[in-house]
Amino acid sequence: MADIVMPRLSDTMEEGTILRWLKHDGEEVRRGEELVEIETDKAAMTYESDQDGTLQTVAGEGDTLPVGELIARIGVPGDGLAATGSGAAAEHAGSADADPPSPSAPSATEPSARAAVEAPALPDAVGGGGPVATSDFGERVKASPLARRIARENGVDLSTLSGSGPGGRVVKADVEAAGGGATSARLPDSGSASHAAPGPAASAVGATSAGTPDAGGDVMTAKGQTTTEALTRMQQTIARRMAESKATIPDFTLQSDVDMQECVALRAQLKAISHEDAPTYNDMVVKACALALREHPRANGSYKDGALQLHSRVNVGVAVAAQDALVVPTVFDADSKALGEIAREARALAARVREGSITPPELGGGTFTVSNLGMYGIKSFNAIINPPQAAILSVGSVEQRVIVRDGGLTPRQTMTLTLVCDHRILYGADAAEFLARIRELLQAPASLTL
């Protein structure tokens, strides 16, 4: 019998969510067959079995487990693995909130006290805090995490359900069957509770809102109907990493205007040669950054565990707006690739991000990041550093501006670059020289084509 654990599918992956089992309990699987679909901090991808045998799932669909945690077992027929029906073993074994058996019967006051300590409050149907589902005897209802989530989203009271899982455990099918049940199977919402027994605060609110017809009569409903949307695993990771970046990185910002007149002329020539494969201005920025990073290795470094790490490869990440998320695929060894090659690779990566077919290896290994909002008419902005990288470059729009040149006013195509730096790695002078080198390369773009 072989254990299948949550695999590490990316360099930053700490936990994964099981989206869908592609094989069922008791089903024969062969080495190399797709076994399970897992959502990581960067993408959703399938994991292939590395064993032959009979599958027994341990974790259920919707479960989030750390890397290395047991999710299934595979054994040969007759070694004791029993086909348990799809979902039963998945929701019984490996559940983080399964109650351990009690060696002796507890006293009358112990169950409710234990439930108050062990069980965090679950949000009710309208998104507020609500009580944990308990049985008539005060004990916490046994239910899988997926069943609890579905019950919470649909306002189903778990204590009214009879579980069909092992040991009377409430599983997904039980909640779905009760989804259209009687009103008694639903938890009361906070609004009905406040109207049923208004206290002094509720009376004060009513008195205040009575004089303001537009207020809606109740603070709880003044904003209209509120819908709560759960973040995906990727969105949760983005939120956590960006919060960590702003809280832990002492950053500073440098800004420089770049004369893009020569880049505009070069792109026009390249478009005339090959319309479809012509590099964009962002491709030119990526190439210029890669060449400058090779000359300024500290800007290509990382800060980790109180030490500076210098990387031999120059891998530039390009921020791409995906559906409800920002994804950063990597152009590896960008300093040694031709401008046209960078353009084709960046275009292909962006297409895979929008299609949802990008893989974790294509999203890792970046040593520097370029973020461009110029296509939206944004002149400049401060991006957030992607830790543990040393800096991130924000690219604004290319637009015609009147500048002083040779003692006179003249219109020139101009772009603003903003460099946000980690002061633990880059100091002011180092960062200024790095940004100045990027500007020089873009103002004389013939060097980008070599």
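Okay, one bit of vocabulary before anything else: for a pair of axes, angles under 35 degrees count as roughly parallel, over 145 as roughly antiparallel, 65 to 115 as roughly perpendicular, and the rest as oblique. Hold on to that for the helix pairs. And a reminder that what we have here is a predicted model.

Let's start with the whole chain. We've got twelve helices and 21 strands, and 41% of the 450 residues are buried. If you take the contacts with a separation of 6 or more, 62% of them are between residues 24 or more positions apart.

So what about the inside? The largest nonpolar core has 51 residues, and the ones with the most contacts inside it are Phe368, Leu393, Leu417, Leu419, Ile438 and Leu442. Which helix gives this core its largest share? That would be α9, residues 281-295, with nine residues. There's also a second, separate core of 17 residues, and Met6, Ile38, Leu65 and Ala72 are included in that one.

Now let's stay with α9 and look at who sits against it. Take α10 to begin with, residues 339-355: the α9 and α10 axes come within 9 Å and cross at roughly 120°. Here's where the vocabulary pays off. Roughly 120° is past the 65 to 115 window and not over 145, so α9 and α10 are oblique to each other. The crossing of these two is right-handed. On the α9 side the contact uses Asp283, Met284, Val286 and Lys287, and on the α10 side Leu339, Ile342, Ala343 and Ala346. Sort the residues of that contact by class and you get six nonpolar, no polar and two charged.

On to α12, residues 428-443. The α9 and α12 axes also come within 9 Å, and here they cross at roughly 135°. Again we're in the leftover range, so α9 and α12 count as oblique. α9 passes α12 in a right-handed crossing. The residue list is Met284, Val285, Ala288, Cys289, Leu291, Ala292, Leu293 and Glu295 from α9, meeting Phe434, Arg437, Ile438, Leu441 and Leu442 from α12. By class, that contact comes to eleven nonpolar, no polar and two charged.

Let me pick one residue out of that contact, Phe434 in α12. Is Phe434 buried or exposed? It's buried, because its relative accessible area is 0%, and the cut-off for buried is under 20%. Skipping anything up to four places away in sequence, Phe434 touches Cys289, Ala292, Leu293, His296, Ala299, Phe368 and Leu419. If you want a distance to check in your viewer, the C-alpha atoms of Phe434 and Pro297 are 9.7 Å apart, with their positions 137 residues apart along the chain.

From Phe434 we can step across to Leu419. Leaving out neighbours within four places in sequence, Leu419 is in contact with Phe252, Thr253, Leu254, Phe368, Ala391, Ile392, Leu393, Ala431, Phe434 and Leu435.

One of those partners is Ile392, which is in strand β19, residues 391-395. Ile392 has 5% relative accessibility and so counts as buried. The C-alpha atoms of Ile392 and Leu419 are separated by 6.0 Å, at 27 residues apart along the chain. Beyond its sequence neighbours within four places, Ile392 has contacts that include Phe368, Ile384, Thr418 and Val420.

Ahead of β19 there's a loop coming from β18, 368-372, and Pro388 lies in that loop. The bond between Pro387 and Pro388 is a cis peptide, with omega about 10°.

Some backbone oddities while we're on torsions. Where do we find positive phi in a residue other than glycine? Asp305 is one case, with phi near 55°; it lies in the loop between β12, 301-304, and β13, 307-310. At 74% relative accessibility, Asp305 counts as exposed. Asp333 is another, with phi near 50°, and it's in the loop between β17, 330-331, and α10. Asp333 comes out as partly exposed, because its relative accessibility is 24%.

Last stop, a charged residue: Glu362, in the helix α11, residues 360-363. Why does Glu362 count as buried? Because the relative accessibility of Glu362 is 19%, and the line is drawn at 20%. Neighbours within four places aside, Glu362 is in contact with Pro329, Thr330, Leu349 and Arg352.

That's the tour, thanks.

Conventions
Residues are numbered from 1 along each chain as its sequence is written. This is a predicted model: local features need pLDDT of at least 70, side-chain atom pairs count only at pLDDT 80 or more; totals for chains, interfaces and linings use all residues. Side-chain values use heavy atoms; hydrogens and water are left out. A nonpolar core is a set of buried Ala, Val, Leu, Ile, Met, Phe, Trp, Tyr and Cys residues joined through side-chain atoms within 4.5 Å. Buried means under 20% relative accessible area, exposed over 50%, partly exposed in between (1.4 Å probe, protein chains only). Helices (H or I, at least four residues) and strands (E, at least two) are DSSP runs, numbered from the N terminus. Contact means heavy atoms within 4.5 Å. Axes are lines fitted to C-alpha atoms, for helices over the stretch in contact, and angles run from 0 to 180 degrees between N-to-C directions. A crossing is left-handed if the near helix is turned anticlockwise from the far one by less than a right angle, and right-handed if clockwise. Ala, Val, Leu, Ile, Met, Phe, Trp, Tyr, Cys and Pro count as nonpolar, Asp, Glu, Lys and Arg as charged, and the others, Gly among them, as polar.
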